[in-house]
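Me: Before I rely on the descriptive terms used for this chain, I would like to go through them one at a time and see what stands behind each. Could we take the structure first and the reasoning afterwards?

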Amino acid sequence: MKNKLFYGLFVAYTAMVVFILYINGVFTGQVASFSNLMINGGFLLIIGVLFLVSAASFIRLNRLTDDLKRAALTLQEEYKKAGNKNLWGALQEQKTFFQEGNLQTAYGRYCARIRGGRRGKQYVANCDIEEFINEQLLERVGSSYFNSAISGTLTGLGILGTFLGLSMGLGSFQGEDIYTISDNVGPLLSGMKVAFHTSVYGILFSLIFNFVYRSIMADAYGKLDLFLTAFRQCAAPSGAGGDENAAAMLVYQANMANYMKQLLELSRGESAAQTEAMERMADRFLERLQAATGTRFQELGEALKNASYVQAASVKNEKSVMDAAAALTESSRHLQETMDRMMRRQEELTGEISEQGKLLAQACEEISSEVSSQLYTFEQMRTTYED
């Protein structure tokens, strides 16, 4: 019954719609605030659409899991009737083993994989059916990416309604004294009703949906485990045993070793014959080459000998040139040293001349001063004499 719990969503939804209409005075004909009724109606409409979409995904998931349960029970019954013998031989030919479309597609891919790995009567590339019929398939068919967000969405709608109701109430609340404030309490309370109601049914629907969704998915996972266990026990194709695989591998290795041995012997025989033929060809080539170019080789030898004499003479000449260059380098070094000494001596003479110039200038200043003093004395004496 867990997979039918989503019907309870619509029962709770209907009860909440009736309650909202009742407290807003729809049944008594005394609607206090049409704005409150419209806001609650809009929120309930959004929640109803979300519930309808989720219900459609739950129906698809239930159809799939019911088919899995039916297949598991069928396998167990047939397995007992066959005397606990594997049912894969008869099962692989049944194209209508599943009735649900997604399961038919997944099972067809599994059969194709098994047939592709068959070698004779054994299935070498065996695989588990859980690679194709698994929890990811259930979540995709059940739109888990959508349903897992519904609970949070409902809570968010309740919070949004709360703030919207408070905004409406505070926006219509005006007054500066106790008389005007008392007249505006009604709109404020009306907005707070919207805030309270949306919060209540938003959180309530979130809790109910979360419980229903988890119960349905737990039931689906349980049916999947039931089918996988039954299939592995009753109909899973058996691959080659360990001893058979080892024997086949040994035969393969022996055949390969035999082939390699034959190739090695063949290559050795061909190598010996090829080596002998190459030696004969080389001998004939050398004989003909010597007969045709014997004189040329002798002339070439003489030319090389003369070239070696010329090379030796050239080496001697190059040695003489190198010795002369070394002597010239040594002379240049001595000349450079002499020039350095001359430059230092010239610098010393320049310093001495500069010093003598200073002394001479000083002596000239002293003589000039002495002459000036004597001329002044003479001038004084002449003046005195004239007087």
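Reply: Let us begin with the chain as a whole, bearing in mind that this is a predicted model. Of the 387 residues in the chain, 25% are buried, a term kept for residues under 20% relative accessible area. The accessible surface comes to about 26,700 Å², and 61% of that belongs to carbon and sulfur atoms.

Me: What makes up the secondary structure of the chain, and in what order do the elements run?

Reply: The chain has 10 helices and 2 strands, and from the N terminus on the order is α-α-α-α-β-β-α-α-α-α-α-α. As for contacts between residues at least 6 apart in sequence, 78% of them join residues at least 24 apart.

Me: Why is α1 called roughly antiparallel to α2?

Reply: The two helices pack at an angle of about 170°, with their axes 11 Å apart. Angles over 145 degrees count as roughly antiparallel, and therefore α1 is described as roughly antiparallel to α2.

Me: Which residues of α1 and α2 meet?

Reply: On the α1 side the residues are L9, F10, Y13, M16, V17, I20 and L21, and they meet L37, N40, L44, L45, I47, G48, F51, L52 and A55 in α2. To be counted as a contact, heavy atoms have to lie within 4.5 Å.

Me: What makes V26 partly exposed, and where is V26 found?

Reply: V26 is found in the loop between α1 (7-23) and α2 (34-81). Its relative accessible area is 33%, and partly exposed is the class between under 20% and over 50%, so V26 is partly exposed. V26 also belongs to a nonpolar surface patch, formed together with V18, F19, Y22, I23 and F27, whose accessible area together is about 570 Å². A residue needs over 30% relative accessible area to enter such a patch, and the 33% of V26 can be set against that value.

Me: How do you know that D67 and R70 form a salt bridge?

Reply: The closest N and O atoms of D67 and R70 are 2.6 Å apart, and a salt bridge calls for a Lys or Arg side-chain nitrogen within 4 Å of an Asp or Glu carboxyl oxygen. Both residues lie in helix α2, 3 residues apart, about one turn of the helix. D67 has 5% relative accessibility and so counts as buried, whereas R70, at 30%, counts as partly exposed. The count for the structure comes to 9 salt bridges.

Me: What makes D219 and K223 a salt bridge, and are these residues buried or exposed?

Reply: Here the closest N and O atoms are 3.3 Å apart, which can again be set against the limit of 4 Å. D219 and K223 are separated by about one helical turn because they stand 4 residues apart in helix α9 (residues 185-234). D219 is buried, and K223 is buried as well.

Me: Why are E330 and R333 called partly exposed?

Reply: E330 has 33% relative accessibility and R333 has 38%; since buried means under 20% and exposed over 50%, E330 counts as partly exposed, and so does R333. Both lie in helix α10 (residues 242-386), 3 residues apart, about one turn of the helix. They too form a salt bridge, with the closest N and O atoms 2.1 Å apart.

Me: Why is S143 called buried, and what is the sign of its phi?

Reply: The relative accessible area of S143 is 9%, and buried means under 20%, so S143 is classed as buried. Its phi is near 50°, a positive value in a residue other than glycine, and its place is in the loop between α5 (135-141) and α6 (144-147). N84 has a positive phi as well, of about 60°, although it is not a glycine; N84 lies in the loop between α2 and α3 (88-91).

Me: What makes E131 partly exposed?

Reply: At 46% relative accessibility, E131 counts as partly exposed, because exposed is reserved for values over 50%. E131 is in the loop between β2 (122-123) and α5, and its C-alpha is 8.2 Å from that of Y110, 21 residues apart in sequence.

How values were computed: Residues numbered from 1 in each chain as written. Predicted model: local features only at pLDDT ≥ 70, side-chain atom pairs only at ≥ 80, totals over all residues. Heavy atoms only, no water. Patch = residues over 30% accessible without salt bridge, like charges linked within 9 Å, V, L, I, M, F, W, Y side chains within 5 Å. Areas by Shrake-Rupley, 256 points an atom, 1.4 Å probe, with all protein chains shown as cover. Buried < 20%, exposed > 50% of the residue type's maximum accessible area, 1.4 Å probe, protein only. Axes fitted to C-alpha atoms, helices over the stretch in contact; angles between N-to-C directions. Parallel < 35°, antiparallel > 145°, perpendicular 65-115°, else oblique.
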